[in-house]
Amino acid sequence: MWKLILNNLWSRRKRNGWLTAELILVSVVTFIIIDPIVVLNHYMSQPLGYDADRLCIVELGRINEKAPHFSKDDANKKTKLANTLRVKDKLASHPDVESACVLGWAYINSQGNASSEISIDSTESFYVHRVPAFIDQQFFETYGIKSAPGSPSPEELSKTATGKNGYIITRDLAELLFPGENAVGKNMLTIHQGDTLYQPIHGVVEPITPYIMRGNDPLMFTVSPIKNSKYTPNILIRIKPEVDMKTFVGKLRPWMHKEVKAGNWFAQSVITYEDHLNNFKYTSGVTNEIRLNIAYAVFFMVNLCLGVIGTFWLQTRKRTEEAGIMRSFGATKGDIVRMLLGEGMVLTIVSSLIGFFGYFQYALSEGLYVSRWEHWSQRYFQHNWIHDFGLHFTGVSVITLLILIAVVSIGIYIPARSISRVNPVDALKDE
């Protein structure tokens with residue numbers, strides 16, 4: 001069968017030359033269209049590194065200073081903090097709530113963005129995301145963050161037994177700074193406003209996605225007492241496993257508007273963490289970027305598919321006489337369909353490989369698609385296949401090739417089935 005397929009391709013080489021040229025161009029254009037879709041969907045599918053399914057964020061409101069029931073006595077920093085903690089405790093006391101904590105001004109996947117410069121040695125440094133985690137606030141167990149092997153448990157990390165300032169870092173950062181060693185208890189060198197600081201690492205947690213579309217970037221949590229830190233009036237709550245999120249949110253709103261008040265603070269709104277992530281993707285432009293690339297891909301792919309399918313459809317239909325001759329020599333319908341599909345597959349694979357090789361030369365100098373949201377520190381953490389040129393190019397090439405094979409197969413299979421059923425006498429009557 002394969003010998004016959006190759007002989008047919010060679011005997012029709014002049015006509016197949018145009019098909020080959022068309023497929024080479026189509027393979028390059030398809031690669032360019034598919035590349036951003038693959039990369040963006042890869043980032044969107046990355047695990048968050050924490051359990052967001054049972055999380056809600058309660059935003060606190062503050063009574064206006066001109067309101068008659070505004071309390072000046074509750075307006076100082078110490079009293080505001082105490083009232084914030086009372087609100088948090090009230091929310092934590094709800095029968096459907098498992099735990100709660102006060103969020104810092106820059107929490108995971110929030111609009112707040114903080115970073116610290118980390119020094120590997122005296123000549124090299126880089127920046128990592130920084131998130132405040134307050135001591136004794138059930139921060140890590142509320143988020144559902146998992147400890148890395150050899151590190152204290154999430155409950156112990158939230159208490160940070162020493163009660164001293166320090167850091168809790170993700171495992172990928174620990175492996176870079178202390179390869180092959182347990183980072184717990186070691187000091188990490190950070191640079192802040194020109195000052196070099198050495199502070200202890202209290203624990204190591206599994207990799208986390210601090211910002212959507214940036215993958216598992218390295219992350220450090222700065223541990224400090226809540227009274228020493230700036231914070232936003234947001235409370236993170238985790239509901240119990242058996243509680244339905246939609247039902248809980250519906251019941252919580254009227255309850256907290258009535259019951260959750262302390263000083264000048266009151267519970268203003270609640271949003272699920274899933275909705276928070278969706279809002280963050282929308283406001284940061286991620287949603288629009290994905291929609292735009294999908295729109296481009298759909299438009300071009302529909303046109304390309306119709307063109308390729310139409311071309312192979314017409315070419316296949318012209319071979320009715322050839323199919324009749326094969327039938328007269330005992331070929332079955334399946335033999336004819338398989339032969340035509342085999343020719344199309346060989347032609348597609350050869351043309352695509354030529355197209356990929358040509359685009360490979362361009363990509364070597366210009367690079368492949370990379371998310372514009374990536375963090376500067378990614379160059380230190382090339383653990384992602386997207387950043388490996390060979391894997392990235394090969395992966396997108398395979399996906400592109402499979403798409404083209406499917407498109408060409410559709411263009412061949414339908415007319416091939418039709419001509420394979422032709423009566424040999426009818427096919428040859430005009431010969």
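This is a chat about a predicted model and some of its buried contacts, ring pairs and backbone angles.

Student: How confident is the predictor in this chain, on average?
Tutor: The model is predicted, and its pLDDT averages 79 over the chain, with 82% of the residues at 70 or above.

Student: And where is confidence lowest and highest?
Tutor: The low end is helix H13 (residues 424-428), with a mean of 56. The high end is helix H4 (residues 139-143), at 90.

Student: OK, aromatics. How many pairs are there?
Tutor: The count is 14 aromatic pairs. Take Phe-31 and Phe-393: their ring centres are 5.1 Å apart and the planes sit at 35°, so this pair is tilted.

Student: Why say that pair ties parts together?
Tutor: Because Phe-31 belongs to helix H2 (residues 13-44) and Phe-393 to helix H12 (residues 389-420), the pair links parts 362 residues apart in sequence.

Student: Are those two buried or exposed?
Tutor: Phe-31 is buried, at 0% relative accessible area. Phe-393 is buried too, at 9%.

Student: What about Tyr-50 and Tyr-273, how are their rings arranged?
Tutor: Edge-to-face, because the planes are at 85°, with the centres 5.9 Å apart. Tyr-50 is in the loop between H2 and strand E1 (55-62), while Tyr-273 is in helix H8 (residues 273-283), so this pair ties together parts 223 residues apart in sequence. Both tyrosines are buried.

Student: Which residues do ring pairs link into a cluster?
Tutor: Phe-31, Phe-356, Tyr-359, Phe-360, Tyr-362, Phe-389 and Phe-393. Phe-31 and Phe-393, the tilted pair from before, are among them.

Student: Switching to strands. Why call E5 largely enclosed?
Tutor: Strand E5 covers residues 166-170, and 5 of its 5 residues are buried, so the rest of the structure largely encloses it.

Student: Which residues sit on each side of E5?
Tutor: One side has Gly-166, Ile-168 and Thr-170, and the other has Tyr-167 and Ile-169. Both faces are covered, as those residues are all buried. As background, side chains in a regular strand alternate between the two faces of the sheet.

Student: How does E5 pair with E8, parallel or antiparallel?
Tutor: Antiparallel, over 4 bridges. In one of them, Ile-169 has Met-220 of E8 as its bridge partner.

Student: Back to Tyr-167 in E5: what does its side chain contact?
Tutor: The side chain of Thr-190, through a polar contact of 3.1 Å. Thr-190 is in strand E6 (residues 187-192) and is buried, with a relative accessible area of 3%.

Student: There's another threonine, Thr-209. Where is that one?
Tutor: In the loop between strand E7 (195-205) and strand E8 (219-224). Thr-209 counts as buried at 4% relative accessibility, and its side chain reaches the backbone oxygen of Pro-47 at 2.9 Å.

Student: Last topic, phi. What's the value for Asn-109?
Tutor: About 55°, so to speak on the positive side although Asn-109 is not a glycine. Most residues other than glycine have a negative phi. Asn-109 is in the loop between strand E2 (97-104) and strand E3 (115-119), and at 0% relative accessibility it is buried.

Student: And what's phi for Gln-138?
Tutor: Near 55°, again a positive value in a residue other than glycine. Gln-138 is in the loop between strand E4 (125-134) and H4.

Student: Why does Gln-138 count as partly exposed?
Tutor: Because its relative accessibility is 34%, and partly exposed runs between the 20% and 50% cut-offs.

Terms used. Residues are numbered from 1 along each chain as its sequence is written. This is a predicted model: local features need pLDDT of at least 70, side-chain atom pairs count only at pLDDT 80 or more; totals for chains, interfaces and linings use all residues. Side-chain values use heavy atoms; hydrogens and water are left out. Helices (H or I, at least four residues) and strands (E, at least two) are DSSP runs, numbered from the N terminus. Buried means under 20% relative accessible area, exposed over 50%, partly exposed in between (1.4 Å probe, protein chains only). A polar contact is a pair of N or O atoms within 3.5 Å; within protein, one must be able to donate a hydrogen and the other to accept it, and residues adjacent in sequence count only if both atoms are side-chain atoms. pLDDT is the predictor's confidence in each residue, from 0 to 100. Rings of Phe, Tyr and Trp (its six-membered ring) pair if their centres lie within 6.5 Å; planes under 30 degrees apart count as stacked, over 60 as edge-to-face and the rest as tilted. Two strands pair if DSSP finds at least two bridges between them.
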